[in-house]
Amino acid sequence: MTSRFTELVIDCHDPQRLAAFWCEVLDFTVLDSSEGKVEIGSWEPTVEAVRGGQMPPTLLFIRVPEGKTVKNRLHLDVSPIDAGTDDEVARLLGLGATRVDLGQEGRARSWVVMADPEGNEFDVLRTLAPTSPLEQTEEGASTDAVGRGHGTSGI
């Protein structure tokens, strides 16, 4: 027997606002919206597709009455694909994100800790944008290994 990772649920006060923020960050679209919840993703999930193989999970924002009180035990990592890390951090700040210091400031780190408009931490990892023609394949994807800083493997 097997299960698939299909959704990541995020509790929040304002699902529409947070979904709009993350749609801009990730270039996702709203898949479903109803009273107190909004689901976003990069593809339209179907039972057949999910049964066929692991696909990227959707993000589901659910309205809850309580606020965030401590550091996240789970967070998202994002990797810029068409700009440098500093440029992406500046863009995210413009969208309403903030920089967060969880004790990493002043240490050599390959990522930037930020928070979305409701204070949920996430990391901006090293850019995946190509820096030279040699790093490009015919499809435009980078061919080098990705050193992420959080673990030992690449993407």
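**Exercise 1.** Sort the residues of the lining of the largest cavity into nonpolar, polar and charged.

*Solution.* The lining divides into six nonpolar, three polar and one charged residue. Ala, Val, Leu, Ile, Met, Phe, Trp, Tyr, Cys and Pro count as nonpolar, Asp, Glu, Lys and Arg as charged, and the others, Gly among them, as polar. The model is predicted: local features need pLDDT of at least 70 and side-chain atom pairs pLDDT 80 or more, while totals for chains, interfaces and linings use all residues. Residues are numbered from 1 along each chain as its sequence is written, and side-chain values use heavy atoms, without hydrogens and water.

Next, name the residues: Arg 4, Phe 5, Thr 6, Trp 43, Val 50, Gly 53, Gln 54, Met 55, Pro 56 and Pro 57 line this cavity. Its volume is about 30 Å³, and the whole structure holds one cavity of 30 Å³ or more.

On a 1 Å grid over the protein atoms alone, a cavity is a set of points where a 1.4 Å probe fits but cannot get out; a pocket is an open set with protein on both sides within 12 Å along at least five of seven lines; lining residues have an atom within 4 Å of a point. Points are joined across faces, edges and corners, and a volume is the space filled by probe spheres set on them.

**Exercise 2.** Describe the largest pocket by its volume and its lining.

*Solution.* Start with the volume, about 810 Å³. The lining has 25 residues, and Leu 26, Phe 28, Asp 77, Val 78 and Ser 79 lie nearest the centre. Helix H1 (15–26), strand E5 (76–78) and helix H3 (85–95) each give two or more residues to this lining. Helices (H or I, at least four residues) and strands (E, at least two) are DSSP runs numbered from the N terminus. By class, the lining has 15 nonpolar, three polar and seven charged residues.

**Exercise 3.** Which strand supplies the largest share of the lining of the second largest pocket?

*Solution.* The second largest pocket has a volume of about 500 Å³. Its lining counts 24 residues, with Ile 10, Asp 11, Lys 68, Asn 72 and Asn 120 closest to the centre. Strand E1 (7–12) and strand E8 (121–124) each supply at least two of them. E1 gives the largest share, five residues. The classes are ten nonpolar, six polar and eight charged.

**Exercise 4.** Give the strand order of the sheet that contains E5 and E8, and place H1 on this sheet.

*Solution.* The open sheet has four strands in the order E5-E8-E7-E6, with mixed pairing. Strands pair if DSSP finds at least two bridges between them. E5 and strand E6 (98–99) are the edge strands, each paired on one side only. E5 and E8 run parallel and are joined by three bridges, and Leu 76 stands opposite Phe 122 in E8. H1 packs on the sheet and touches E5 and E8 (contact: heavy atoms within 4.5 Å), making about 35° with E5 in direction. Axes are lines fitted to C-alpha atoms, for helices over the stretch in contact, and angles run from 0 to 180 degrees between N-to-C directions.

**Exercise 5.** Why is one side of E1 and of strand E2 (29–34) left without a neighbour in the sheet?

*Solution.* Take the order first: this open sheet of four strands runs E1-E4-E3-E2, with mixed pairing. E1 and E2 stand at its edges and have a single partner strand each, so one side of each has no neighbour. On average, neighbouring strands are turned by 20° against each other, direction ignored.

Now follow E2 inward: E2 pairs with strand E3 (residues 37–41) in the antiparallel sense over five bridges. Thr 29 has Gly 41 in E3 as its bridge partner. Last, H1 lies across E1, E2, E3 and strand E4 (58–63), at about 160° to E4.
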